[in-house]
Amino acid sequence: MQAELVAATGLTDRGAKIKNLHVTRETNAPAILVEAGFISNPAEESLMNQTSFDNLVAKAIYKGFMKATGYLGRYE
């Protein structure tokens with residue numbers, strides 16, 4: 001997922017981190033938390049206000065998920 005997001009957005013790769021977060025811990029389903037940018041960074045905030053950036057991030061998450069689950073190429 002991280003590699004796809006960095007490749008699609010061109011933003012700085014801050015790495016994937018494993019944390020004991022409530023949102024991912026307190027579920028019976030596989031879960032990840034994605035930070036698509038930071039509003040404290042004016043350039044990233046500007047990107048996050050664009051629908052085209054939202055679509056870019058959504059496609060990167062989809063592609064990362066499809067790769068991680070082995071479905072990439074089967075349904076595209």
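Is E44 buried or exposed? Select E44 and you will find a buried residue, with a relative accessible area of 4%. Here buried means under 20% relative accessible area, exposed means over 50%, and partly exposed is in between (1.4 Å probe, protein chains only).

Before moving on, a word about what is on your screen. This is a predicted model, where local features need pLDDT of at least 70 and side-chain atom pairs count only at pLDDT 80 or more, while totals for chains, interfaces and linings use all residues. Residues are numbered from 1 along each chain as its sequence is written, and side-chain values use heavy atoms, with hydrogens and water left out.

Now add R14 to your selection. The side chains of R14 and E44 form a salt bridge at 3.5 Å, N to O; that term means a side-chain nitrogen of Lys or Arg within 4 Å of a carboxyl oxygen of Asp or Glu. This pair joins distant parts of the chain, 30 residues apart: R14 sits in the loop between α1 and α2 (22–25), and E44 in helix α3 (residues 42–48). R14 is partly exposed at 40% relative accessibility.

Next, select K63 and E4, whose side chains meet in a salt bridge (3.9 Å, N to O). K63 belongs to helix α4 (residues 51–69) and E4 to helix α1 (residues 2–9), so the pair ties together parts 59 residues apart in sequence. (Helices are DSSP runs of H or I, at least four residues, numbered from the N terminus.) Add K67 too: E4, K63 and K67 are linked in a network of salt bridges.

Last stop: R25 and E26, a salt bridge with its closest N and O atoms 2.9 Å apart.

How values were computed
Helix = DSSP H or I, 4+ residues; strand = E, 2+ residues; numbered from the N terminus.
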